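User: I've got a structure here and I'd like to go through it with you. Can we take it piece by piece?

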Amino acid sequence: MMMNRRSMMLAGGVAALATQPFLAGLARAAQIRNVGLQLYTVRELFAADPVATLEKVAKIGYREVEYGGGGYDTMDHALLRKTMDRLGLKSPSIHVAYDALLDNFDASLTMARTLGAETVVLPYMVDKHRNGPAWDAAIANINRIGEKLKAAGMGFAYHNHDFEFTVKPDGVSLYERLVKGTDPALLKLELDLYWAIYAGQDPQALIRSLPGRIYAYHVKDMRPDRSMTSVGSGTIDFASIFKLNAISGARHFYVENDQAPAPYLPDITKSFQTLSALRF
C-alpha cells in the first residue's frame, strides 16, 4: 500500500508524540518491575531460620529484599549472600543503626558490601536525639557518614517514622531540619508512606517538595482506624502516589508491615500480589 506525503507526515507525527513521556504513559501504564520486601516484616521467621525465610520470600515472587531486624547484623553474611544468589534475590539496600554507623563504620560497610547492597539506610533515631540541639548534632554526623559512604562508593538514605514530622523544636519539624541540613548529594530519603500519612502529611505534596531526592518507598497500607495492614487491604491510593515517580526519583518499592500478623507469609503475599498488579 502506497502512502502520500500527507499520510507519511501524519504517521511520523503520531510516532513522535508517542515517544513523549506523558503520552507514552497514556498508552502503557507503568508498573513495579521488582517488588521488594523489608525483612523486618518477617523478623520472627527470619531470626529462627534465615535461609528458609529467604526461600519462602523468593517463592512468593519477591526479587529484592532489604535487611533490617531479625538479628541479621550478627549472622553469616556470606551465607546470606550465597543464598540470595541461588534464589535470584538482590539486596539493593540494608538498614544499619545510627550507633553502628558511628562506632563500627568499617564493619558496617563490609557487611553492606558482602550482602551486595549499594545503599545504606539509617532506619531510626531514638528519643534522646529528638530535640533541637541533639538533632542538629545528629545532622552533622549524618553528613559526615554520608561523605564516608560516598567515598566508599556507597549511597546513604534516611528512613522516617512519624515523629520526624510531629516533633517541631522552635516550630520547625525534625524532617524539615533534616532535609535542609543535609547535602542531597550525600543523603537520599527512604520515604515510609504509611508513617508520613499517619503524621498528617499529604504524600503527593511531600513528594513534590523533594524532587529527585527519594531513594525508595516503604509500602504498607492503612485501615480506616489508621492501623497497619497489607497493601490492598487499606485506604491509601498508591497508584496516585507512584504516578509522581518521575518527580521523586524512587528506584525501589519495599513492602513493610511493622505489625504483620502471624504466620506473616499470607500478609506479604497479599502485598506482593497487589503491587505486582498495580498500574499507574
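User: Which residues of helix H10 (residues 174-181) are buried, and how wide is the arc they fall within?
Analyst: Bear in mind that this is a predicted model. In H10, the buried residues are Leu174, Tyr175, Arg177 and Leu178. Looking down the axis of H10, they line one face of the helix, because they fall within an arc of 160 degrees.

User: What covers the buried residues of H10?
Analyst: Both helices and strands take part in the cover. The strands include S5 (155-159) and S6 (188-192). Among the helices are H8 (132-151), H9 (163-166) and H12 (203-208).

User: Asp170 lies in the loop between H9 and H10; is it buried or exposed?
Analyst: Its backbone has a positive phi, near 55 degrees, and it isn't a glycine. The cut-off for exposed is over 50% relative accessible area. Asp170 has 76% relative accessibility, so it counts as exposed.

User: And Tyr264, with its positive phi of about 75 degrees: buried or exposed?
Analyst: Tyr264 isn't a glycine either, and it sits in the loop between S10 and H15. Buried means under 20% relative accessible area. Tyr264 comes in at 14% relative accessibility, so it counts as buried.

User: Which residues does the cis peptide bond join?
Analyst: One partner, Pro263, is in the loop between strand S10 (252-255) and helix H15 (265-277). Omega is about 5 degrees for this bond. The two residues joined are Ala262 and Pro263.

User: Which residues have the most contacts inside the largest nonpolar core?
Analyst: That core has 76 residues, and its largest share, 6 residues, comes from H8. Apart from it lies another core of 5 residues, including Val121, Ala157, Tyr215 and Tyr254. Inside the largest core, the residues with the most contacts are Tyr67, Tyr217 and Phe242.

User: What does Tyr67 touch, leaving out residues up to four places away in sequence?
Analyst: Tyr67 is one of the residues with the most contacts inside the largest nonpolar core. Its partners include polar names such as Gln38, Ser91, Ser93 and His95. The others are Leu39, Phe46, Leu54, Tyr72, Leu80, Met84, Ile94 and Leu115.

User: Where does the largest share of the second largest pocket's lining come from?
Analyst: This pocket has a volume of about 410 Å³. Of its 19 lining residues, the closest to the centre are Gly68, Gly69, His95, Ala97 and Pro123. By class the lining has 9 nonpolar, 7 polar and 3 charged residues. The largest share, 3 residues, comes from helix H7 (residues 105-114).

User: Ser108 is found in H7; what is it in contact with, leaving aside neighbours within four places in sequence?
Analyst: Ser108 is buried, with a relative accessible area of 6%. That is against a cut-off of under 20% for buried. Leaving those neighbours aside, Ser108 is in contact with Val96, Ala100 and Leu101.

User: Leu278 is found in the segment after H15; which residues is it in contact with, apart from neighbours within four places in sequence?
Analyst: Leu278 counts as buried because its relative accessibility is 17%. One of its partners, Phe242, is also among the residues with the most contacts inside the largest nonpolar core. The full list is Ala30, Gln31, Phe238, Ala239 and Phe242.

User: How far apart in space are Leu278 and Tyr198?
Analyst: In sequence, Leu278 and Tyr198 are 80 residues apart. In space, going C-alpha to C-alpha, the distance is 22 Å.

Note on methods: Residues are numbered from 1 along each chain as its sequence is written. This is a predicted model: local features need pLDDT of at least 70, side-chain atom pairs count only at pLDDT 80 or more; totals for chains, interfaces and linings use all residues. Side-chain values use heavy atoms; hydrogens and water are left out. On a 1 Å grid over the protein atoms alone, a cavity is a set of points where a 1.4 Å probe fits but cannot get out, and a pocket is an open set with protein on both sides within 12 Å along at least five of seven lines; lining residues have an atom within 4 Å of a point. Grid points are joined across faces, edges and corners, and a volume is the space filled by probe spheres set on the points. Helices (H or I, at least four residues) and strands (E, at least two) are DSSP runs, numbered from the N terminus. Ala, Val, Leu, Ile, Met, Phe, Trp, Tyr, Cys and Pro count as nonpolar, Asp, Glu, Lys and Arg as charged, and the others, Gly among them, as polar. Buried means under 20% relative accessible area, exposed over 50%, partly exposed in between (1.4 Å probe, protein chains only). The arc is that of the directions from the helix axis to the C-beta atoms. Contact means heavy atoms within 4.5 Å. A nonpolar core is a set of buried Ala, Val, Leu, Ile, Met, Phe, Trp, Tyr and Cys residues joined through side-chain atoms within 4.5 Å.
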